[in-house]
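Biologist: Please take a close look at a single part of this structure, one strand, and follow it outwards into its surroundings. Which elements does the strand pair with, how is it covered, and what lies around it?

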Amino acid sequence: MMEEEQIVSPGPTFETPKVLFMMADYGHDPTETAVPYTSFKDAGYEVQFATENGKQPRCDKKMLEGFTQKLLGAKKEAVHLYKKMAVSEEMRHPLSWSEPGFTLDPFDLIVFPGGHDKGVRQIIESPIVHKLMVDYFPKTRRPSKKVVGAICHGVMVLAESKDADGRSVIRDCNTTALPAKFEQVAYWGTRAVLGDYYKTYGHGSENVEDAIKKVLAEPAQFKANLNPGAFIVEDEKYNYISARYPGDAALFAEEIIKLFNSFHKIT
């Protein structure tokens, strides 16, 4: 008598998260870009980049070389990760976020790295990116499985992405970004040598923290932790994770990966 063939279920299968780093052509912080990029690649995620016209992005060279790197720039390991990322196929051949018909819908995670260089204003001020985020960000409302992550000045992109009524996409979110005290210490501590480098909008412009508080429903939604140890904020209503500065980059990526893992837990 023949034994009945047993059918073994392979268990649930999960699609690989698709990640898009939205960037200006030049000026982003290398640590805030390369550390999360490396973590997502190591986790098996599909990663792509997008710039305005599909030009390969370059991170802030002040953070990568010379005395500025040694003084306040990327640590040696982050420089190494950046150099590996810079020669990757995905970074050498980015998408164009200004191309007609471009949409963020195919992506599960949109990442906005920060950076102090004035070049990042290209993406902070882009009406095209604002429109893309006004469309995409509401799709991250829980229990959605789409996610947005932003570090430092990257949060400024979201703050400036406003609907027809002038409401920022993060109006109802808890968030962090570069704390005013961090920004002021860096600016005044380097002004004699670097001028207004640490003020993306020039001497006398408002701090990132103050600019973001203005678009929130309540200023208390901004979490300005001044402990230099790693810190992130995860919103409760939206799949939105934010961080303050390069020292948070590893935890930022780790918490995003945990969030994606949580989507697949069987309860």
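**A strand and its surroundings**

Modeller: Strand β5 (residues 147-151) pairs with strand β7 (residues 240-243) in the parallel sense, over four bridges. The model is a predicted one, and what follows is computed from it. Within the pairing of these two strands, A150 has S242 of β7 as its bridge partner. A second pairing links β5 to β4: these strands also run parallel and are joined by four bridges. There, G149 of β5 is the bridge partner of V111.

The covering of β5 may be considered next. Five of the five residues in this strand are buried. In a regular strand the side chains alternate between the two faces of the sheet. In β5, one side carries V147, G149 and I151, the other carries V148 and A150, and all of these residues are buried. Both faces of the strand are therefore covered.

Beyond β4 (109-112), the loop that leads to α5 (121-124) contains H116. Is H116 buried or exposed? With a relative accessible area of 11%, H116 counts as buried, because the cut-off for that class is under 20%. Apart from neighbours within four places in sequence, H116 is in contact with G27, H153, L178, Y197, Y198 and T200.

On the other side in sequence, the loop between α6 (127-136) and β5 holds R142. The side chain of R142 forms a salt bridge with that of E234, at 2.8 Å from N to O. Since E234 belongs to strand β6 (residues 232-234), this pair ties together parts that are 92 residues apart in sequence. Both partners are partly exposed: R142 has a relative accessible area of 32%, and E234 one of 30%.

The salt bridge between E209 and K213, with an N to O distance of 2.9 Å, is set within a single helix. These two residues lie in α9 (residues 208-213), four residues apart, or about one turn of the helix. E209 is buried at 10% relative accessible area, whereas K213 is partly exposed at 26%.

R244 forms a salt bridge with D248, and the closest N and O atoms are 2.9 Å apart. R244 and D248 are both buried. Elsewhere, salt bridges with shared partners join D105, D135 and K139 into one network. The count of salt bridges comes to 14.

The residue numbers between R244 and D248 recur in the description of the largest pocket. Its volume is about 590 Å³. Of the 25 lining residues, those closest to the pocket centre are L72, G73, Y245, P246 and G247. Two or more lining residues come from each of α1 (30-42), α2 (66-72), α3 (76-86), α8 (180-194) and α10 (249-262). Helix α8 gives the most to this lining, with four residues. By residue class, the lining is made up of 17 nonpolar, four polar and four charged residues.

To return to the strand itself: β5 pairs in parallel with β4 and with β7, and both of its faces are covered.

Methods:
Residues numbered from 1 in each chain as written. Predicted model: local features only at pLDDT ≥ 70, side-chain atom pairs only at ≥ 80, totals over all residues. Heavy atoms only, no water. Buried < 20%, exposed > 50% of the residue type's maximum accessible area, 1.4 Å probe, protein only. Contact = heavy atoms within 4.5 Å. Pairing = 2+ DSSP bridges. Salt bridge = Lys/Arg side-chain N within 4 Å of Asp/Glu carboxyl O. 1 Å grid on protein atoms, 1.4 Å probe; cavity = no way out; pocket = protein on both sides within 12 Å on 5 of 7 lines; lining within 4 Å. Points joined across faces, edges and corners; volume = space filled by probe spheres on them. Nonpolar A, V, L, I, M, F, W, Y, C, P; charged D, E, K, R; others polar.
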